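Work through these exercises with the sequence and the structure side by side. Try each task before reading its solution.

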Amino acid sequence: MNETTPITMKDIAEALGVSVATVSRALKDSPRISAERREVIKKYAREHNFFPNFIAESLRKSRVQPMKIIGVIIPQFTHYYFSTILSGIEEEASARGYRLLVAQSNERYEREVAICQSFYENKVCGIIVSQAKDTVHYGHFQKLLDLGIPLVFYDRICTGVETSRVVVDDYRGAFNAVQHLINTGCRKVAFYGASMNLEISKNRYNGYRDALLQAGLSPDPRFYRECDNREKAEIITPELLSQEDIPDSFFAVNDDTAIGILYSAKRMGYRVPQDISICGFTNGERAIACDPMLTTVEQRGVAVGKEAVQILVGQVEGTIPRDKVERRIVKTRLVVRGTTR
């Protein structure tokens with residue numbers, strides 16, 4: 001047997017020379033099985049990547065027909081973009097007869113590893129995931145692939161494993177945003193981005209840089225900051241705007257960061273957009289709840305979620321080969337509002 005292939009209770013029973021019922025009772029810590037035998041059986045199960053299917057067992061007990069389950073990992077439920085992606089995932093999965101098992105990594109690598117393990121234990125048919133910000137080791141993802149569980153990444157893709165992914169056109173979205181700033185008279189464009197270990201950060205920075213270079217401008221390292229949330233933006237922006245030479249515009253990696261820049265600039269007495277232009281990236285509800293309303297790049301999260309489900313279900317049901325890496329890009333759209341000229 002291939003050691004990466006999930007085993008069954010029957011396999012354990014045959015290997016140890018006991019009945020399937022004995023294996024089942026041992027894994028449930030039944031007192032009918034001696035402590036020594038329970039430990040032998042559980043040790044063998046752990047070493048061979050066996051975990052009981054809790055979902056299937058629960059459904060059998062309730063006499064409900066088992067449903068197909070997709071695991072979904074969300075970095076943060078509170079992030080508008082991720083919530084729209086989840087809406088797209090749920091809509092498409094429901095239409096295809098699948099249910100969701102959803103968990104939040106809360107941007108923590110250790111939590112992400114634990115969720116992957118839990119999803120495997122609960123026998124999900126596949127997983128849709130956006131990796132946590134601090135994930136730099138990918139063994140937990142590779143293990144799932146080795147065990148035959150399809151993975152589809154969205155937004156923050158994992159370059160450490162070869163698997164399918166759905167992203168928005170981060171490069172083109174950033175390029176168009178910065179080009180708009182330049183076309184409206186801006187020449188000193190600051191960039192607030194996330195960690196460069198994330199592919200989306202690299203793509204958005206490259207779009208920012210190339211738009212400047214095409215216009216005959218050079219990116220100014222003094223105007224680059226690693227910042228991807230409002231709280232940090234409200235600390236960094238006053239420092240940047242207190243220098244002798246200040247930017248005349250900002251391009252931010254997401255709307256929350258852009259709104260932090262907006263409020264900081266206004267508190268310091270700068271007029272937006274007359275003195276400083278600001279562009280975000282998301283087009284969430286907050287973009288129209290600030291004053292002035294935010295110019296931003298629309299990401300179309302619902303479409304991203306639907307595409308991810310289409311790929312995963314295709315691999316689960318065999319219409320897409322599991323060893324085929326699907327790469328799909330959802331187009332962005334610049335939405336011009338009051339924070340740019």
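**Exercise 1.** Find the salt-bridge partner of Asp210 and give the distance between the closest N and O atoms.

*Solution.* Start with the rule: a salt bridge is a side-chain nitrogen of Lys or Arg within 4 Å of a carboxyl oxygen of Asp or Glu. Asp210 pairs with Arg209. Their closest N and O atoms are 2.9 Å apart. Next, check Arg209 for exposure. Its relative accessible area is 29%, so Arg209 is partly exposed (buried means under 20%, exposed over 50%, partly exposed in between, with a 1.4 Å probe and protein chains only).

The model is predicted: local features need pLDDT of at least 70, side-chain atom pairs count only at pLDDT 80 or more, and totals for chains, interfaces and linings use all residues. Residues are numbered from 1 along each chain as its sequence is written, and side-chain values use heavy atoms, with hydrogens and water left out.

**Exercise 2.** Place the salt bridge between Asp29 and Lys42 in the chain.

*Solution.* The closest N and O atoms of Asp29 and Lys42 are 2.7 Å apart. Asp29 sits in the loop between helix 2 (20-27) and helix 3 (35-47), while Lys42 belongs to helix 3, so the pair ties together parts 13 residues apart in sequence. Helices (H or I, at least four residues) and strands (E, at least two) are DSSP runs, numbered from the N terminus. Now add exposure. Asp29 is partly exposed at 43%. Lys42 is partly exposed at 22%.

**Exercise 3.** Where do Glu199 and Lys202 lie?

*Solution.* Both are in helix 9, three residues apart, about one turn of the helix. They form a salt bridge, with closest N and O atoms 3.9 Å apart. Glu199 has 24% relative accessible area and is partly exposed. Lys202, at 35%, is partly exposed too.

**Exercise 4.** Which residues are linked with Lys188 in a network of salt bridges?

*Solution.* The network links Lys188 with Asp220, Arg222 and Asp245. The count of salt bridges comes to 24.

**Exercise 5.** Give the strand order of the open sheet of six strands.

*Solution.* The order is 7-6-8-9-10-12, with mixed pairing (two strands pair if DSSP finds at least two bridges between them). Strand 7 (224-226) and strand 12 (333-335) are at the edges, each with a single partner strand, so one side of each has no neighbour in the sheet. Now look inside the sheet. Strand 9 (residues 277-282) and strand 10 (residues 295-298) run parallel, joined by four bridges. Thr282 stands opposite Glu298 in strand 10.
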